[in-house]
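Q: Please take a close look at one part of this model, a single helix and what surrounds it. Keep it brisk, and follow the packing through to the pockets.

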Amino acid sequence: MATGRTHRPATRSRGIPEATVARLPLYLRALTALSERSVPTVSSEELAAAAGVNSAKLRKDFSYLGSYGTRGVGYDVEYLVYQISRELGLTQDWPVVIVGIGNLGAALANYGGFASRGFRVAALIDADPAMAGKPVAGIPVQHTDELEKIIQDNGVSIGVIATPAGAAQQVCDRLVAAGVTSILNFAPTVLSVPDGVDVRKVDLSIELQILAFHEQRKAGEEAAAGALPATAARGESADQGPDGDVPAVMPA
């Protein structure tokens, strides 16, 4: 069984753009849903809609994989599932360690989607001695003193950090020194890593702030749309206030 330490996904060597790589999991999720419904083929338009992208972009992305579909038939669902899984490196077993088994770390440990997507939680690690030996998702938590040995014994190359912000960089440094080359960071801080180490950051607060921005923007647009008819009814320009020089409605 491959551990992932000496195997890297083929995407970079084949020159697939990072934007395309970021969309491959979206296609795979949509294709997996089709496969579970025993759908044999899918058109680019149908798959693009299911993945939330436009069909031209999908066809361009698939061209990097060497998959062009069949005119009038579409794409073979099972073959595409295999092809994308292989390109993402999901046809082998990737052992993962999760460091920081608080509420978030425990939730990640209990996530049932890892195994079906090519990942195996090899170990759960926490700095609290009281957590040592406590089972979470059927896996006993181990103390951070064992971090390096755990990584070596399991051939781990992917680490998940779910610690408080203040501990994240130290954990990151230890993971990298022990041989981990890819890190998924849930801690609310920016990690510094050497060249050759990939970090993906998941920050729920940032995502919520972006949504708040869009909500505020929509509210402003709705307020502006509701105010424009009133100015027009008074015979005033929509671009000017009552005195003709100050906008009555500031743009959102």
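A: **Helix packing and pockets**

In this predicted model, α1 and α2 are roughly perpendicular to each other, because their axes cross at roughly 110 degrees and the class runs from 65 to 115 degrees. The two axes come within 9 Å. α2 is a helix of residues 44-51. The crossing of α1 over α2 is right-handed. On the α1 side, the contact uses L26, Y27, A30, L31 and L34. On the α2 side, L47, A50 and A51 take part. By class, this contact has eight nonpolar residues, no polar ones and no charged ones.

Next comes α4. Its axis lies 9 Å from that of α1, and the two helices pack at an angle of about 145 degrees. This crossing is left-handed. From α1 come L24, Y27, L28, L31, T32, L34 and S35. They meet V77, E78, L80, V81, I84, S85 and E87 of α4. The split here is nine nonpolar, three polar and two charged. Y27, L31 and L34 of α1 appear in the contact with α2 and in the contact with α4.

Now the largest pocket. What volume does the largest pocket have? It holds about 1900 Å³ of space. Its lining counts 43 residues. Nearest its centre are P25, L88, L90, F119 and R200. Several elements each give two or more residues to that lining: α1 (18-36), α4 (77-87), β3 (94-99), α6 (113-116), β7 (158-161), β8 (182-185) and β9 (198-201). By number, P25 falls in α1 and R200 in β9. α1 gives the largest share, with 10 residues. So much for the helix that started this tour. By class, the lining has 25 nonpolar, eight polar and 10 charged residues.

The second largest pocket completes the picture. Its volume is about 200 Å³. Its lining is made of 15 residues. A127, T144, T163, A167 and V171 lie nearest its centre. Here helix α8, residues 165-177, supplies the largest share, four residues. A167 and V171 fall within that residue range. The lining divides into eight nonpolar, five polar and two charged residues.

To put α1 together: the helix packs against α2 through a contact with no polar and no charged residues. Its contact with α4 does include both classes. It also gives the largest share of the largest pocket's lining, where α4 is another of the contributing elements.

Definitions and conventions
Residues are numbered from 1 along each chain as its sequence is written. This is a predicted model: local features need pLDDT of at least 70, side-chain atom pairs count only at pLDDT 80 or more; totals for chains, interfaces and linings use all residues. Side-chain values use heavy atoms; hydrogens and water are left out. On a 1 Å grid over the protein atoms alone, a cavity is a set of points where a 1.4 Å probe fits but cannot get out, and a pocket is an open set with protein on both sides within 12 Å along at least five of seven lines; lining residues have an atom within 4 Å of a point. Grid points are joined across faces, edges and corners, and a volume is the space filled by probe spheres set on the points. Ala, Val, Leu, Ile, Met, Phe, Trp, Tyr, Cys and Pro count as nonpolar, Asp, Glu, Lys and Arg as charged, and the others, Gly among them, as polar. Axes are lines fitted to C-alpha atoms, for helices over the stretch in contact, and angles run from 0 to 180 degrees between N-to-C directions. Angles under 35 degrees count as roughly parallel, over 145 as roughly antiparallel, 65 to 115 as roughly perpendicular and the rest as oblique. A crossing is left-handed if the near helix is turned anticlockwise from the far one by less than a right angle, and right-handed if clockwise. Contact means heavy atoms within 4.5 Å.
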